[in-house]
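Q: Please take a close look at one part of this model: the surroundings of the ligand. Which residues surround the ligand?

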Amino acid sequence: MDTTTIYKDLDERYFMPAFSREMAIVRGKGAKVWDAGGREYIDCVAGIAVCSTGHCHPAVVKAICDQAHELIHCSNLYYVPHQGDLAKKLVEITGMHKAFFSNSGAEAIDGTLKLARVRTGKKKFVAFTNGFHGRTVGSLAVTHKPAIREPFEPLGVQCTFVEYGDPNGLERAVDDDTAGVLVEPIQGEAGVIIPPIGFLERIREVCDNSGALMIADEVQTGMGRTGKWLAIQHTEVVPDIITLAKGIASGFPMGALLARDGLEFKKGEHGSTFAGGPLACAASLATIGVIEKILPDISRKGERFKTGLAKYNPRVRGLMIGISVGEKCPEVQKKCAEQGVLVNCAADGNLRLVPPLVISDKEIDRVVGVIDGALGQVVL
Ligand code: PLP
């Protein structure tokens, strides 16, 4: 049996079949990964926008290893090494007042829903069509896609979904009992959907008028992905709460919520055994150190993709790239993999590229060539 078959066999026998997958990725370096058969790929999936500094960046590996030799875990019953430094850094990056850590994006959203309810005294939420905020009971309630949400209802959080980009629908949906409006500044799982100009500003106004909190879910768009630390920083809008995860620690599981002055958990209102642990915080601080250096170049790299793929009308914001392909998207994905490039299909036949932020110009050109070839064969 080859190595991939061994993975497949064990998976089929012992793992609940919630994912569909065919390949085993066993090694990574920079923007490249290798499968169990030793084949090399340029990775434009990057753990779905997670491996921001590339695979196994030496600074991140060192930070995790050094910390592992000192202390792996201690509990939030004590001050945790690196936690305060990381909170300070995230506060500076986001312009928020204070941070709270989680282990994932969905958990950051759950914490946000709690914070919004407890500080506003209001109950309901508004979110947007095709928006994705996670799969825990709380975050699923504000995630739009009926096929993944409805089988698990009732979820205990009342949420109204408004068409993404529709300011009038938003005004109708928000009322005196709305605790928060959740928005992805660019929708990631929907396929890199950029809202119309002025929409995020309108959300801010509606929230100001009603007393609802504006919650920017930057789990996918944050940490430099779009060429700024946050996607919302491409506008003048300042939200009340920001959620982060994915690229925050280069693949070490971690999430965070950051909130403006006046919005914080009081003693005993929230907690977590693992969240903000020493290893995660060390990995995140090292990640931020790397991103600080490469951030000025990310938009230029995005433009290189945009120019190379111009005939397919890509939606590009930094290194977050979406192309409408349609029902043949999985075929394109497969052809790209055959040519040594990993991409994935988000919702509605949208090809999504979220490569490591360290991807080189040479790698970008190779990816563009492969995608062009695949799209040319399958779609044009
Ligand atoms: N929010 C957004 C915008 C996301 O894209 C995701 C995951 O794709 C989540 C929340 C949930 O994050 P996690 O999978 O870490 O729970």
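A: What follows covers the ligand site and then the second largest pocket. The model is predicted.

Start with the shell. The ligand is surrounded by S104, G105 and A106. F132, H133 and G134 also belong to the surroundings. So do E184 and E189, along with D217, V219, Q220 and K246. By residue class, this shell holds 3 nonpolar, 5 polar and 4 charged residues.

Next, the polar contacts. A polar backbone atom of G105 sits 2.8 Å from an oxygen atom of the ligand. K246 contributes through its side chain: a polar atom there is 3.3 Å from a ligand oxygen atom. F132 uses its backbone, with an N or O atom 3.4 Å from a nitrogen atom of the ligand. On its own, the ligand exposes 390 Å². The protein buries 82% of that area.

Now the second largest pocket. Its volume is about 720 Å³. The lining of this pocket counts 26 residues. Nearest the pocket centre are Q83, A99, F100, F265 and H270. Three elements each give two or more residues to the lining: α4 (83-94), β4 (98-102) and β10 (255-259). Of the elements, β4 gives the most, with 4 residues. The lining of the second largest pocket divides into 14 nonpolar, 7 polar and 5 charged residues.

To return to the ligand: G105 and F132 offer backbone atoms to it, while K246 offers a side-chain atom.

Methods
Residues are numbered from 1 along each chain as its sequence is written. This is a predicted model: local features need pLDDT of at least 70, side-chain atom pairs count only at pLDDT 80 or more; totals for chains, interfaces and linings use all residues. Side-chain values use heavy atoms; hydrogens and water are left out. A residue is near a molecule or strand if one of its heavy atoms lies within 4 Å of it. A polar contact is a pair of N or O atoms within 3.5 Å; within protein, one must be able to donate a hydrogen and the other to accept it, and residues adjacent in sequence count only if both atoms are side-chain atoms. Accessible areas come from the Shrake-Rupley method with a 1.4 Å probe; for residues, only the protein chains shown count as cover. Ala, Val, Leu, Ile, Met, Phe, Trp, Tyr, Cys and Pro count as nonpolar, Asp, Glu, Lys and Arg as charged, and the others, Gly among them, as polar. On a 1 Å grid over the protein atoms alone, a cavity is a set of points where a 1.4 Å probe fits but cannot get out, and a pocket is an open set with protein on both sides within 12 Å along at least five of seven lines; lining residues have an atom within 4 Å of a point. Grid points are joined across faces, edges and corners, and a volume is the space filled by probe spheres set on the points.
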